[in-house]
Amino acid sequence: MKDPTGLPLYDAMCTAVTECHSELAFENITDIAICVKLAQNKEPERQATEVRIRAERGFKKIRARQMQELREAISERLMGR
């Protein structure tokens, strides 16, 4: 993984997804049972999407707080003159 986050489980998930994505064996799956199992297992994808959405919401909250603090600092500086 290029940029570890400091969140071991998240980093492990990203590494595993990257490895699965690049695994050439997936291009040559001929066992129908494996294909069906892979096609039906959508829960990990749903959970990964939920993780991303939560992270985006957290980022937006942090960014909004930073912008508010910046506006307050600018206002204080202008009023203090």
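Is R46 buried, partly exposed or exposed? R46 is partly exposed, at a relative accessible area of 41%, and the close-ups below show what sits around this and other side chains.

This is a predicted model, where local features need pLDDT of at least 70, side-chain atom pairs count only at pLDDT 80 or more, and totals for chains, interfaces and linings use all residues. Residues are numbered from 1 along each chain as its sequence is written, and side-chain values use heavy atoms, with hydrogens and water left out.

**View 1. The whole chain is three helices and zero strands.** Reading from the N terminus, the order is simply α-α-α. Helices here are DSSP runs of H or I with at least four residues, strands are runs of E with at least two, and numbering starts at the N terminus. Of the 81 residues, just 2% count as buried (buried is under 20% relative accessible area, exposed is over 50%, and partly exposed is in between, with a 1.4 Å probe and protein chains only). The accessible surface comes to about 7,700 Å², and carbon and sulfur atoms account for 59% of that. Those areas are from the Shrake-Rupley method with a 1.4 Å probe; for residues, only the protein chains shown count as cover.

**View 2. Confidence peaks in helix α3.** The mean pLDDT of the chain is 85, with 88% of residues at 70 or more (pLDDT is the predictor's confidence in each residue, from 0 to 100). Helix α2, residues 32-40, has the lowest mean, 79, while α3 has the highest, 94.

**View 3. E43 and R46 pair up in helix α3.** They form a salt bridge, with the closest N and O atoms 2.5 Å apart. The rule asks for a side-chain nitrogen of Lys or Arg within 4 Å of a carboxyl oxygen of Asp or Glu, and by it the count is four salt bridges. E43 and R46 are three residues apart, about one turn of the helix. E43 counts as partly exposed because its relative accessibility is 37%.

**View 4. E50 meets R54 in another salt bridge.** The N to O distance is 2.5 Å. The two are four residues apart in helix α3, so about one helical turn separates them. E50 is partly exposed at 30%, whereas R54 counts as exposed at 56%.

**View 5. R52 and E56 make a salt bridge too.** Here the N to O distance is 2.9 Å. Both residues lie in helix α3, four residues apart, again about one turn. R52 is partly exposed at 43%, and so is E56 at 36%. Elsewhere, salt bridges that share partners tie E43, R46, E50 and R54 into one network.

**View 6. Positive charge gathers on the surface at R57, K60, K61 and R65.** R65 belongs to helix α3, residues 43-79. A patch takes residues with over 30% relative accessible area and no salt bridge, joining like charges within 9 Å and nonpolar side chains (Val, Leu, Ile, Met, Phe, Trp, Tyr) within 5 Å. Lys and Arg count as positive, Asp and Glu as negative, and His and the chain ends are not counted. Each charge is placed at NZ of Lys, CZ of Arg, CG of Asp or CD of Glu.

**View 7. L7, Y10, M13, V17 and V51 form a nonpolar surface patch.** Together they have about 410 Å² of accessible area. Helix α1, residues 8-22, gives the most to this patch, with three residues. V17 is found in that helix, α1.
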